[in-house]
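Student: Could we go through this model one term at a time, setting each value against the rule behind it?

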Amino acid sequence: MKNIPLPSSKRILTQLFCILSFFVAVNQSIAQEYKIKTIVIDAGHGGKDGTTRGAYSTEKEVALRTALRLGKTIEAKIPNTKVIYTRTDDTFIPLYERIALANKESADIFISIHCNDMPLVAKRVIASYTKNKAGKRIPVYKTTYTKNTNVKGTETFVSGSGRLDEQDEAIKRENASIFLEDNYEENYAGFGKDDVESQILLSIMKNAYRVQSLNLASLIQDEYVKVGRINRGVQEKSLAVLARAGMPAVLTEIGFLSNPAEEDYLNSESGQEEVVNCLLQAILAYKAKVEI
Ligand SMILES: [Zn+2]
């Protein structure tokens, strides 16, 4: 039998100490106080991007009014919260710039506000009659476009799995500081940037954003339901505006401009107040869930 030298007790102790300090470091970084400090509010569309309209109002106007009102309400009701708007007037802002701003400002939440619309459906109808060479009466068709104006309700989207790779890139590049901070080497016991453990941390972080985004989205839908709005649910979708977000990000459709009653509601003082209050209550509920 080969005589295998037993590891010295000193060596075992040193190894144990290393393992322990790693877990202490990780726990400390998890247990650090977490507060939602910055909220980016994105009014959908703007400028040349704004063709969606109801009978008398446009999506870009209604979204902007709601976004500005939400921002003011957050500032009034949630002290110590910084509100950043992607636009405060009728300006065209490319989608990637909206999320780049949120990433740059290390926002804790990104909320994009939109109004829904039903697609136009083409239909061939008889416009008039004419006679052919044989003198027979034949119809003249024309194409008309109609919308289903009955559909109504609210829905909230989070970035779907189709764009998770882009999120990886976003987290690595834009939000590298999240886990590649100055003291990264200390906190994570010298793990390199590209090794397996870092990739695991990255995927945990990505999933955390997905889970948190879904969480915030359901809280928003819950609030809409409480005030009697139709619930079209939370959906995952490949949305460019959310795909590169390095934070929980949602896109909420506050109602259909193609539905006359909802267009009136979204343009009314009481409707605006109700929608904004739903979003505020959802943010407060989300804060209560995630803040440490
Ligand atoms: Zn939109």
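Tutor: Let us begin with exposure: a residue is buried when its relative accessible area is under 20%, exposed when it is over 50%, and partly exposed in between, computed with a 1.4 Å probe on protein chains only. The model is predicted, so local features need a pLDDT of at least 70 and side-chain atom pairs count only at 80 or more, although totals for chains, interfaces and linings use all residues. Residues are numbered from 1 along each chain as its sequence is written, and side-chain values use heavy atoms, with hydrogens and water left out.

Student: Why is Glu291 called partly exposed?

Tutor: Glu291 has a relative accessible area of 22%, a value that falls between the two limits, and therefore it is partly exposed. Lys287, by contrast, has 12%, which is under the lower limit, so Lys287 is buried.

Student: What makes the contact between Glu291 and Lys287 a salt bridge?

Tutor: The term requires a side-chain nitrogen of Lys or Arg within 4 Å of a carboxyl oxygen of Asp or Glu. The side chains of Glu291 and Lys287 meet at 2.8 Å, N to O, so the pair satisfies the rule. Elsewhere, Arg69, Glu269 and Glu273 are joined into one network by salt bridges that share partners, and by this rule the count comes to eleven.

Student: How do you know that Lys82 forms a salt bridge with Glu105, and which parts of the chain does it tie together?

Tutor: The closest N and O atoms of Lys82 and Glu105 are 3.3 Å apart, which is within the limit, and therefore the pair qualifies. Lys82 lies in strand E2 (residues 82–85) and Glu105 in the loop between helix H3 (95–104) and E3, so the bridge ties together parts that are 23 residues apart in sequence. Lys82 is partly exposed at 44%, and Glu105 is partly exposed as well, at 26%.

Student: Glu155 and Arg232 also form a salt bridge; is each of these residues buried or partly exposed?

Tutor: Their closest N and O atoms are 3.5 Å apart, and the pair links distant parts of the chain, with Glu155 in strand E6 (residues 154–159) and Arg232 in strand E7 (residues 231–237), 77 residues apart. Glu155 is buried because its relative accessible area is 5%, whereas Arg232, at 35%, is partly exposed.

Student: What makes His45, Glu59 and His114 donors of the zinc ion?

Tutor: A donor is an N, O or S atom within 2.8 Å of the metal (3.2 Å for Na, K and Ca), and because water is not among the atoms, a site may look incomplete. NE2 of His45, OE of Glu59 and ND1 of His114 lie 2.0 to 2.1 Å from the zinc ion, so they meet the limit. In sequence the donor residues are spaced H-x13-E-x54-H. His45 sits in the loop between strand E1 (38–43) and helix H2 (59–77), while His114 sits in strand E3 (residues 109–116), 69 residues away. At 10% relative accessibility His114 counts as buried.

Student: Why is Thr73 called buried, and what lies around it?

Tutor: Thr73, placed in helix H2, has 19% relative accessibility, and therefore it counts as buried. A polar atom of its side chain lies 2.7 Å from the backbone oxygen of Arg69. Contact means heavy atoms within 4.5 Å, and, leaving aside neighbours within four places in sequence, Thr73 is in contact with Ile78, Val276 and Leu280. Val276 and Leu280 are among the buried residues of H10.

Student: How do you know that helix H10 has close to its expected span?

Tutor: The expected span is 1.5 Å times one less than the number of residues. Helix H10 (residues 269–290) has 22 residues and reaches 32 Å from its first C-alpha to its last, close to the 32 Å expected.

Student: How confident is the predictor in the chain, and where is the pLDDT below 50?

Tutor: On the pLDDT scale, which gives the predictor's confidence in each residue from 0 to 100, the chain averages 81, and 71% of the residues score at least 70. The pLDDT is below 50 over residues 1–6, a stretch with zero contacts beyond near neighbours in sequence. It is also below 50 over residues 170–193, yet that stretch has 47 such contacts in the model.

Conventions: Helices (H or I, at least four residues) and strands (E, at least two) are DSSP runs, numbered from the N terminus. A polar contact is a pair of N or O atoms within 3.5 Å; within protein, one must be able to donate a hydrogen and the other to accept it, and residues adjacent in sequence count only if both atoms are side-chain atoms.
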